[in-house]
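The questions below ask on what grounds certain structural terms are applied to the model shown here. Each answer sets a value against its definition.

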Amino acid sequence: MTHRSAARVASSPVTRAVRAGLGVDTAHRAVMPPIHLSTNFVFDAPGVYAKYDYTRTANPTRDLAAETIAELEGGCGAVITSSGMSAIAVSTRLLSAGDLLLAPRDCYGGSHRLFSAEANRGGYRVEFIDPWESASLELARRLRPRMIWIETPSNPRLRITDIAAWVRVARDIGAICVADNTFLSPVNQRPLEFGADLVVHSTTKFLNGHGDVVGGAVVAADEDLLEEIAWWTNVMGVSGAPFDSYLTLRGMRTLHARSCMHEANALRIVDLLDRSDVVTRVYHPSLPDHPGHDIARRQQTGWGSLVSFELRGGRAAVDAFVDVLEYFALAESLGGVESLVAHPWTMTHASMDEPARRAAGIGEGLLRLSVGIEACEDLEADLKRALSAAERPPARAARVPAAQR
Ligand code: PLP
């Protein structure tokens, strides 16, 4: 039995991710799959087409990464794109002028910016709603969107959207249901199992998991959607680079192992923040008083390791808090082995205007942690120091506004 056939019969997604592509090398019998960086593949003759001809269109290394993501999400196939944003842009190519997109008010700031910009130039229409409110389901039936965008847990407030309830609405009105699963990864949530049509990823985050790739993926539930998404990816020229695909494939081999450590650390940190007087609110679906706790328990297989919280002292406390952190780097991304802290007001969501940020529940005192897999004692000590600093923040000097990202 070859490595490859062993991988194919493995029933656990953990085993399949670890062993993806092992033993495919027939030239040298390498255990790990080789990287195919070549731009071109030779034609046998004019008009004779093989599986591979030009890497923008198809590439063996990228295909292996795509197959692995599709297996993890339970889809019929996937495309790998150059970034999470290009995965989102490709997915919204399924909309025509006049079509309505329903999107969450507090989706990722870059998604919000893309949807708003496309709507402004007449690509499609967009309405931002509160999908975690059950009244929004009725509103959607009346508005009859062509596409329903789900991001759960949402960025950065970690609100939970009931995927199955929104899929029912989408089916009734003939809408395409897309779920951005970046925040949880297929280890913790598989939206296609609830009936979503497409799953979108910023593979930059948990799937690659090592903070050294910017990439994206779209996983499709059926062949027709996959074909359309693959066509647009090639036409727009946003397919992912083979080397990035290789790194992402390598990252996915440890996705399950990393996710266990991320979550164990996150739960301890939620507890630490929840007991602090300096913190007025902690947002994490594991907390029983989180409004989406029961839905999360139903549709998620893990709680995830993004944790958001509000500091009592607002912006001055935020500045004092991040200033003393040693392990949590002040940086945009999430889902890597390394712990990060983001200030959504000035960073991830700075491209939304102030009313849009306020409407999404993003204030100046809100911070978002991406809890990494370092020893938790070190992370806890770091946060305790920062909480002490935030207790009595020094008076704040006037600041130059952060550049719009
Ligand atoms: N979706 C979510 C939920 C995100 O948080 C991000 C980036 O932070 C993106 C999509 C965009 O991904 P990328 O930065 O890889 O383009």
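**Ligand contacts and strand pairing**

Q: What makes the approach of lysine 205 to the ligand a polar contact?
A: An N or O atom in the side chain of lysine 205 is 2.8 Å from an oxygen atom of the ligand. A polar contact is a pair of N or O atoms within 3.5 Å (within protein, one must be able to donate a hydrogen and the other to accept it, and residues adjacent in sequence count only if both atoms are side-chain atoms), so the pair qualifies. The protein covers 91% of the 390 Å² of accessible area that the ligand has on its own, with areas from the Shrake-Rupley method and a 1.4 Å probe (for residues, only the protein chains shown count as cover).

The model is predicted: local features need pLDDT of at least 70, side-chain atom pairs count only at pLDDT 80 or more, and totals for chains, interfaces and linings use all residues. Residues are numbered from 1 along each chain as its sequence is written, and side-chain values use heavy atoms, with hydrogens and water left out.

Q: Which distances place threonine 204 and asparagine 155 in polar contact with the ligand?
A: For threonine 204, a side-chain N or O atom lies 2.7 Å from a ligand oxygen atom. For asparagine 155, a polar side-chain atom is 3.2 Å from an oxygen atom of the ligand.

Q: What classes make up the shell around the ligand?
A: There are 4 nonpolar, 7 polar and 3 charged residues. Ala, Val, Leu, Ile, Met, Phe, Trp, Tyr, Cys and Pro count as nonpolar, Asp, Glu, Lys and Arg as charged, and the others, Gly among them, as polar. Helix 4 (residues 84-91) gives the largest share, 3 residues; helices (H or I, at least four residues) and strands (E, at least two) are DSSP runs, numbered from the N terminus.

Q: Why are strand 8 and strand 10 placed at the edges of the sheet?
A: The open sheet has 5 strands in the order 8-9-12-11-10, with mixed pairing. Strand 8 (279-283) and strand 10 (329-330) each have a single partner strand, so one side of each lacks a neighbour in the sheet.

Q: How do you know that strand 9 and strand 12 pair?
A: Two strands pair if DSSP finds at least two bridges between them. Strand 9 (residues 306-311) and strand 12 (residues 366-370) run antiparallel and are joined by 5 bridges, so the criterion is met. Glutamate 310 has leucine 366 in strand 12 as its bridge partner.

Q: Which peptide bond leading to proline 153 is cis?
A: The bond joining threonine 152 and proline 153 is cis, with omega about -5°. Proline 153 lies in the loop between strand 4 (147-151) and helix 7 (163-173).
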